[in-house]
Each structure stands twice: as C-alpha cells, then as structure tokens.
Amino acid sequence: MARIFNFSAGPSMLPEAVLLRAREELPDWHSTGMSIMEMSHRGKDFVAVAEKSEADLRELLAIPANYKVLFLQGGATGQFAAVPMNLLRGRSKACYVNTGLWSEKAIAEAERYCSVTVAASSKESGFVTIPDRADWRIDQDAAYLHYTANETIGGVEFQDIPDSAGLPLVCDMSSNILSRPLDVTRFGLIYAGAQKNMGPSGIVVVIVRDDLIGQARDDTPSIFNYKKQADSGSMLNTPPTYNWYLLGLVLEWLKEQGGLAAVEARNIRKAEKLYAAIDRSALYSNPVDPAYRSRMNVPFRLAKTDLEKTFLAEARAAGLVNLEGHRSVGGFRASIYNAMPEEGVDALIEFMREFERKYG
Ligand code: PLP
C-alpha cells in the first residue's frame with residue numbers, strides 16, 4: 001500500500017527515508033547478526049548510537065557544552081513533574097505562563113510540588129493568542145519561569161523567546177522542537193516528547209544547564225533525577241533503545257535536509273500556504289491571532305458543521321488522514337511537522353478547495 005498523508009498531532013508521520021532505513025537495518029544491524037533492539041544498551045554498538053544521537057542533536061541545535069542532554073522516559077507529562085522536582089532548589093514557588101491546555105496540564109502537575117503563580121494567561125480569550133508581554137507579572141521569588149512554546153491543541157505558537165526577567169527559563173517544546181533554529185543559551189531547561197518532530201513515542205529529550213542540576217528534592221525518583229541520569233549517560237536503567245535509535249535516524253535525516261534553517265524555510269512555506277487557503281475561503285476558518293499562529297498545528301473549522309463527517313470521509317478517501325481536531329475542542333486540525341512533505345500540504349489545500357467548490 002502506498003503511504004498516505006498523515007496529519008496526526010502525535011505520534012505523527014515520520015520521514016519515509018527514516019522508515020526505509022530502519023526496515024533495512026532491522027534484522028541485521030551493521031552485520032552484527034541481530035537487530036539494534038536486541039542489543040545490550042551498555043554494549044559498544046548501542047553506546048555509539050546513543051553518543052551519535054547526542055552529538056547530532058548538539059550540532060543541530062548548537063547546544064553549548066555547559067548543557068546536559070538527557071534521553072528519558074515518561075514523556076513530556078513525566079517532565080511536568082520532573083521539572084519542579086529538580087528545579088525548585090529549595091524554593092516554594094514556580095511561575096508559569098498559561099497559553100492553552102498543555103500549559104494547564106503542566107501547571108496542575110507542578111502544583112503538587114509547589115505553589116504556582118501564573119505570570120499571564122490567555123484563557124479568557126479562549127486560548128487563541130499569547131498575552132501581551134507588557135502585562136506579564138513574573139514572580140521574582142519563583143524558582144523558574146515555564147512556558148509552552150507551541151500549544152499543540154490550540155495551534156498557538158511563540159514566534160520568539162520571551163524574556164524571563166532573570167529567572168531560569170523552562171520550556172515545553174514537545175511540538176515544535178527542531179522546526180526552526182534555536183538559541184539554547186536563553187534557556188535553563190528545554191524538554192520535548194519525541195513523537196511529533198523527533199521520532200516515535202516513548203522517549204523524551206531534556207536539555208538542561210549544568211548549574212540547575214544536582215539539587216533535586218530528596219524524594220525525587222532516581223529515574224527523574226537529572227543529575228543521576230546525567231551521571232549515567234541517561235542509562236540509569238534500561239533506556240528505550242529502539243526509540244532512541246529511531247530518534248537518531250530522524251536527527252541524521254534533519255542534517256541531510258540542510259539543518260534547521262532549511263527545515264524552517266520549508267515549514268514557513270507549508271504553514272503560510274495552508275493559512276492563506278483557509279483565510280481566502282468562506283467555508284474554513286482558523287480562530288488564532290495571526291501573530292501567533294502555529295507553523296506545526298493548524299486548527300480549522302467549517303462554517304457548515306453538518307459537513308464535518310463528509311469532510312473527514314472524503315479526506316480519508318483522498319489519502320489525507322487524522323484531520324480530526326483534539327477531542328476537547330472539536331473541529332479539524334492539520335499537524336504539519338517536519339516530516340510532512342510539502343506535497344502533503346499541497347494535496348490538503350487542493351482537497352479543501354475542491355470540497356468547498358462542491359459543498360460550500
Ligand atoms: N506537551 C505538549 C505541548 C504536547 O503536545 C504533548 C502531547 O502529547 C505533551 C506535552 C504530552 O506529551 P506526552 O504524551 O509525551 O507525555
């Protein structure tokens with residue numbers, strides 16, 4: 001069966017070249033007579049794969065030497081807890097920006113460990129924008145400032161890095177990491193689940209500045225303790241080796257694409273044409289403030305809601321799948337991460353245009 005265009009928000013489409021390479025290497029990895037997933041994580045072959053993935057990530061994001069790169073489990077949701085457990089460093093408060101449902105989940109989890117002050121919230125607006133920076137109230141007693149770079153459900157994305165008023169800046173980059181070049185030095189900590197832009201689910205990357213680790217709460221589980229994980233090369237216990245290997249293949253693919261500047265240029269083109277198609281139509285609409293529209297997740301609605309089922313069925317028949325919006329908000333959402341080819345976005349635009357001509 002030919003591959004179709006999969007607009008899922010995550011787990012999401014992976015580059016076809018990565019899948020083909022993984023298949024080719026599957027039964028007999030580099031003439032070892034076994035697959036990479038059957039090897040000891042401490043053996044020299046897997047350790048080389050792990051080290052290469054870290055080196056490639058450091059190269060792609062220009063991660064300075066005074067940051068640790070960790071490959072962990074428990075997803076971004078695990079990090080919602082691990083961040084306060086490790087970063088409070090004796091303080092009782094953390095400060096969060098609330099721009100959508102993922103911010104809210106991060107806040108709810110942090111509240112189990114500390115008191116959370118919200119620097120700014122766009123809840124009143126229905127999470128369709130990012131609060132004006134002039135109105136942010138950053139609590140100087142907080143241990144860090146946390147924000148969500150891209151709200152996967154609402155389709156709202158920061159287009160630059162906010163100022164944290166001297167606090168360590170912590171960011172959930174699950175749904176836009178590696179989609180554009182990044183100045184890592186602005187951050188105290190970055191975390192991202194892999195299953196959107198980096199690989200399959202089951203592995204989460206943490207990039208953390210050296211001076212912020214080593215002061216975790218005493219009751220922090222060892223597998224969530226950044227210092228212990230850093231000291232053991234993210235191998236305090238058995239890591240998800242196959243997922244880690246696949247993540248490494250995605251990083252190699254990104255380098256082959258020309259790195260993040262080239263990937264960003266393509267992402268801008270894809271997003272701009274999809275939003276333009278939505279904006280010039282009378283049938284489709286996107287509610288997000290144009291200044292903060294996500295390049296990764298494009299939610300849209302139909303003016304005629306009775307057409308929703310037909311839209312999905314006909315899209316599926318045209319090879320365009322997983323366009324349903326998140327269950328909490330409904331409507332539609334096209335997730336167009338790095339691995340979505342430009343032809344996929346062109347096919348979606350063409351389908352939407354034709355659907356509107358037929359039913360609009
Ligand atoms: N943060 C964001 C922005 C997300 O989109 C997701 C989606 O899955 C999560 C956190 C949760 O990630 P996980 O399922 O890996 O815990």
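Select Val 298 first: this residue stands opposite Ala 334 in S14. Two strands count as paired if DSSP finds at least two bridges between them, and strand S12 (residues 297-302) pairs with S14 in the antiparallel sense over 4 bridges. Helices (H or I, at least four residues) and strands (E, at least two) are DSSP runs, numbered from the N terminus.

Before the next selection, note that this is a predicted model, in which local features need pLDDT of at least 70, side-chain atom pairs count only at pLDDT 80 or more, and totals for chains, interfaces and linings use all residues. Residues are numbered from 1 along each chain as its sequence is written.

**The sheet of 3 strands**

Extend the selection to S11, S12 and S14, which form an open sheet in the order S11-S12-S14 with antiparallel pairing. Strand S11 (284-285) and strand S14 (332-335) are the edge strands, each pairing on one side only. Next, display helix H7 (residues 259-279), which lies across S11, S12 and S14 and runs at about 10° to S12. Such angles run from 0 to 180 degrees between N-to-C directions, with axes fitted as lines to C-alpha atoms, for helices over the stretch in contact. Contact between two residues requires their C-beta atoms, placed from the backbone, to lie within 7 Å.

**The sheet of 7 strands**

Now turn to the open sheet of 7 strands, whose order is S2-S10-S9-S8-S5-S3-S4 and whose pairing is mixed. Its edge strands, each pairing on one side only, are strand S2 (67-72) and strand S4 (115-121). From one strand to the next, the twist averages 20°.

Start with strand S3 (residues 93-98), which runs parallel to S4 and is joined to S4 by 6 bridges. Within this pair, Ala 94 stands opposite Val 116 in S4. S3 is also joined to S5, again in parallel, by 2 bridges; select Cys 95 to find Leu 145 of S5 opposite.

Remain on S5 and colour its residues by burial. A residue is buried if 20 or more other C-beta atoms lie within 10 Å of its own, exposed if 12 or fewer, and partly exposed in between, with C-beta atoms placed from the backbone. In a regular strand the side chains alternate between the two faces of the sheet. Both faces of S5 are covered: Leu 145 and Tyr 147 are buried on one side, as are His 146 and Thr 148 on the other. From S5, 4 bridges lead to S8, which runs parallel, and His 146 has Val 170 as its bridge partner there.

Add helix H3, which lies across S3, strand S5 (145-148), strand S8 (169-172), strand S9 (189-193) and strand S10 (204-209), running at about 160° to S9.

**The ligand**

Select the ligand and its shell, taking as near any residue whose C-beta atom, placed from the backbone, lies within 6 Å. The surrounding residues are Gly 10, Gly 75, Ala 76, Thr 77, Trp 102, Thr 148, Thr 152, Asp 172, Ser 174, Ser 175 and Gly 193. Helix H3 (residues 75-87) supplies the largest share of this shell, 3 residues.

**The whole chain**

Finally, zoom out to the chain, which has 9 helices and 14 strands. Its radius of gyration, 21 Å, is close to the 21 Å that the globule rule gives for 360 residues, so the chain is as compact as a globular protein of that length. This radius is taken over C-alpha atoms, and the rule is 2.2 Å times the number of residues to the power 0.38. Of the 360 residues, 43% count as buried.
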